[in-house]
Each structure stands twice: as structure tokens, then as C-alpha cells.
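Colleague: Before we discuss this model, may I ask that each assignment be given together with the criterion behind it? Please show the sequence and structure to begin.

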Amino acid sequence: MTNVTEVLKSAQFVVDASGKKTAVQLSVAAWEALLDWIEDREDESIFREAMSQLREAGGSPEKAGWLDWEAVKEKF
């Protein structure tokens, strides 16, 4: 399952004695695909914000407050 629509369509509902939906069950593969999709949306949001900051700084990473990887990579 690679797209979120397929994942959501694969959901199975748990119902109580009166037939009211009380929980949702997904396969592990569907759950992992959903988590991947959410993480991708978060990454896209972070990227858009970074590009906006860079544009506002006139294209200068330093003015945007970005750190130089070579200067900080040893800390990671």
C-alpha cells in the first residue's frame, strides 16, 4: 500500500454490542504506510518554511540563519 487513500480504505472497524464504531484496526503495513505519509507531509512543510526563509533573506543562507554543515557536522 503506497497511497493514503488505499491505506484508509483498508481500515477495519471494531464495533461494540450495539454496532457503534469504537476503534479502527490497520495492518502493520498500512500503519507504516500511513506514518510514512505523515512524515512526508511534515518534511514538505519544513522544506517550504526553509525556502520561504531563504527567499526572505535574499537567497543568503547566512542571513536566513542557516548553519554551515561543515562547521557543525562534528556535533552530530
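Colleague: What does I38 count as at its relative accessibility?

Modeller: The place of I38 is in helix 2; helices are DSSP runs of H or I with at least four residues, strands are runs of E with at least two, and both are numbered from the N terminus. Buried means under 20% relative accessible area, exposed means over 50%, and partly exposed lies in between, with a 1.4 Å probe and protein chains only. The relative accessibility of I38 is 36%, so this residue counts as partly exposed.

Colleague: What pLDDT do side-chain atom pairs need in order to count?

Modeller: Residues are numbered from 1 along each chain as its sequence is written, and side-chain values use heavy atoms, with hydrogens and water left out. This is a predicted model, in which totals for chains, interfaces and linings use all residues, local features need pLDDT of at least 70, and side-chain atom pairs count only at pLDDT 80 or more.

Colleague: What accessible area, together, does the nonpolar surface patch formed by W31, L35, W37 and I38 have?

Modeller: Patch members have over 30% relative accessible area and no salt bridge; nonpolar side chains (Val, Leu, Ile, Met, Phe, Trp, Tyr) are joined within 5 Å, and like charges within 9 Å. L35 is found in helix 2 and is partly exposed because its relative accessibility is 32%. Areas come from the Shrake-Rupley method with a 1.4 Å probe, where for residues only the protein chains shown count as cover. On this basis W31, L35, W37 and I38 together have an accessible area of about 370 Å².

Colleague: Which element gives the largest share of the largest nonpolar core?

Modeller: A nonpolar core is a set of buried Ala, Val, Leu, Ile, Met, Phe, Trp, Tyr and Cys residues joined through side-chain atoms within 4.5 Å. The largest one here has 5 residues, namely V4, V7, A30, A33 and L34. Two or more residues come from each of helix 1 (4–9) and helix 2 (28–56). The largest share, 3 residues, is given by helix 2.

Colleague: How far apart are the closest N and O atoms in the salt bridge of E44 with R41?

Modeller: A salt bridge requires a side-chain nitrogen of Lys or Arg within 4 Å of a carboxyl oxygen of Asp or Glu. Both E44 and R41 lie in helix 2, 3 residues apart, about one turn of the helix. E44 is partly exposed at 35% relative accessibility, and R41 is partly exposed at 29%. Their closest N and O atoms are separated by 2.9 Å.

Colleague: The structure holds 2 salt bridges; which residue forms one with E70?

Modeller: E70 is exposed because its relative accessibility is 53%. Its partner is partly exposed, with a relative accessible area of 32%. The closest N and O atoms are 3.0 Å apart, and the residue bridged to E70 is K73.

Colleague: Which residues gather in the patch of negative charge on the surface?

Modeller: Asp and Glu count as negative and Lys and Arg as positive, while His and the chain ends are not counted. The place of a charge is taken as NZ of Lys, CZ of Arg, CG of Asp or CD of Glu. One member, D43, is found in helix 2 and is partly exposed at 47% relative accessibility. The residues in the patch are E32, D36, E39, D40, E42 and D43.

Colleague: How far apart in space are K63 and A33, C-alpha to C-alpha?

Modeller: K63 is found in the loop between helix 2 and helix 3 (69–72), and K63 is exposed, with a relative accessible area of 70%. In sequence, K63 and A33 are 30 residues apart; in space, C-alpha to C-alpha, the separation is 37 Å.
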